[in-house]
Amino acid sequence: MGSGFEAKLSFEDSKVVEFDDKHVSLMDHGSPNHGCSHYKRGCKIRAPCCNEIFDCRHCHNDAKNAMEIDPRDQHDIPRHDIQKVICSLCNTEQDVQQNCINCGVCMGKYFCAQCKFFDDDVSKNQYHCDECGICRTGGKENFFHCKTCGCCYSKMMKDSHRCVERAMHHNCPVCFEFLFDTLRDITVLPCGHTIHLDCVKEMEKHYRYSCPVCSKSICDMTKLWRKTRSRGIQKIASTPMPAIYQNKLVWILCNDCAGKLSCPVFTLLPTNARAASPTIPDKHEADQLIHAHQRWLR
């Protein structure tokens, strides 16, 4: 049956192949002409922006944003504007719909008319989120839409995540890929910022444990800070500052709690702190600065 079916597909009159069951797809018959590296499906799309045919929107975006393409011609496909698809079995071009109007093959076991999206791999548990405006994977029963963050999160995070306005409507701070509709796994850091999971793992390989956006710690660093602090005190004691810098103070900011404090100038800053940028001090801070300055002049 399989070999005979494939032989029939190679004929020019393959249009005579008909499917009585609306759920029968090319995947069920093991057809080699079945989608791309992104999705398994029984159709191609005609891009409304450039009128060219591609296996899916990601194939279009990869081709049209390649380095060899003139930057002025680079663009992404407006997914919701797709109007025409081409059946991979009989090559019939038609309006977007789940079953081919000519041969009847199911072009995608999962089909979303709003996103113009087809996929035969229903093990992903796809669902359409009306508030996101796109289809997502993982099962609708396992996710909720956070209106502040503007995206879907696991229900396990519903009462614990920190909201950040439009949290995923930006590029990953490491690889700069747009996060909202990425195909890669995303994680939410304790600070509320989002990032690709594999990018976080790559950061950890290079001993980077702070958010690339706000510099807050991405995990509990208390034990490490204690060790670093004890070692830092020894290093500071062994590397005295030049006389001109001794007894001078500098304002620093804690990246985790945003606390501001002054400390003597030394060659090492606390693990998760940075020198404060110049700001207009309030009266209390001004008095402290004047007092410190008077000490420096002594």
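Glu52 is partly exposed, with a relative accessible area of 35%. The model in which this residue sits is a predicted one, and Glu52 is a convenient place to enter it.

The side chain of Glu52 forms a salt bridge with that of Lys64, at 2.8 Å from N to O. Glu52 belongs to the loop between β1 and β2, whereas Lys64 is part of helix α2, so the salt bridge ties together parts that are 12 residues apart in sequence. Lys64 has a relative accessible area of 14%, which is under the 20% limit, and therefore counts as buried.

A second salt bridge involves strand β1. Here the side chains of Asp55 and Lys44 meet, with 2.6 Å from N to O. This pair links distant parts of the chain: Asp55 is in the loop between β2 and α2 (57-64), Lys44 is in strand β1, and the two are 11 residues apart. Asp55 is partly exposed, at a relative accessible area of 22%. Lys44 is partly exposed too, at 25%.

The strands just mentioned belong to a sheet. Four strands make up this open sheet, in the order β2-β1-β3-β4, and their pairing is antiparallel. At the edges are β2 (53-54) and β4 (93-95), each of which pairs on one side only. In general, strands of a sheet pair through backbone hydrogen bonds, and the pairing may be parallel or antiparallel. Between strand β1 (residues 43-46) and β2 there are 2 bridges, and these strands run antiparallel. Within this pair, Ile45 of the chain stands opposite Phe54 in β2.

Further along the chain are two hairpins. One consists of β9 and β10. Strand β9 (residues 143-146) is joined to strand β10 (residues 151-154) by 4 bridges, and the two run antiparallel. His145 faces Cys152 in β10, standing opposite it. The hairpin has 4 residues between its strands, and Gly150 takes a positive phi near 75°.

The other hairpin is formed by β13 and β14. Strand β13 (residues 249-254) and strand β14 (residues 260-264) are connected by 5 bridges and also run antiparallel. Leu253 stands opposite Lys260 in β14. In this hairpin 5 residues lie between the strands, and Ala258 in the turn has a positive phi of about 65°.

Now return to the charged side chains. How many salt bridges does the structure hold? There are 11 salt bridges. One more of them joins the side chains of Glu177 and Arg184, at 2.7 Å from N to O. Salt bridges that share partners also join Arg57, Arg79 and Asp181 into one network. As for the Glu177 pair, Glu177 has a relative accessibility of 28% and counts as partly exposed. Arg184 is likewise partly exposed, at 29%.

Other charged residues form a patch on the surface. Which residues form the positive surface patch? Lys223, Arg226, Lys227, Arg231 and Lys235 do. Lys223, one of these residues, is located in helix α4 (residues 222-238). Is Lys223 buried or exposed? Lys223 has a relative accessible area of 66%, which is over the 50% limit, so Lys223 is exposed.

Definitions and conventions. Residues numbered from 1 in each chain as written. Predicted model: local features only at pLDDT ≥ 70, side-chain atom pairs only at ≥ 80, totals over all residues. Heavy atoms only, no water. Patch = residues over 30% accessible without salt bridge, like charges linked within 9 Å, V, L, I, M, F, W, Y side chains within 5 Å. Areas by Shrake-Rupley, 256 points an atom, 1.4 Å probe, with all protein chains shown as cover. Salt bridge = Lys/Arg side-chain N within 4 Å of Asp/Glu carboxyl O. Lys, Arg positive; Asp, Glu negative; His and termini not counted. Charge placed at Lys NZ, Arg CZ, Asp CG, Glu CD. Buried < 20%, exposed > 50% of the residue type's maximum accessible area, 1.4 Å probe, protein only. Pairing = 2+ DSSP bridges.
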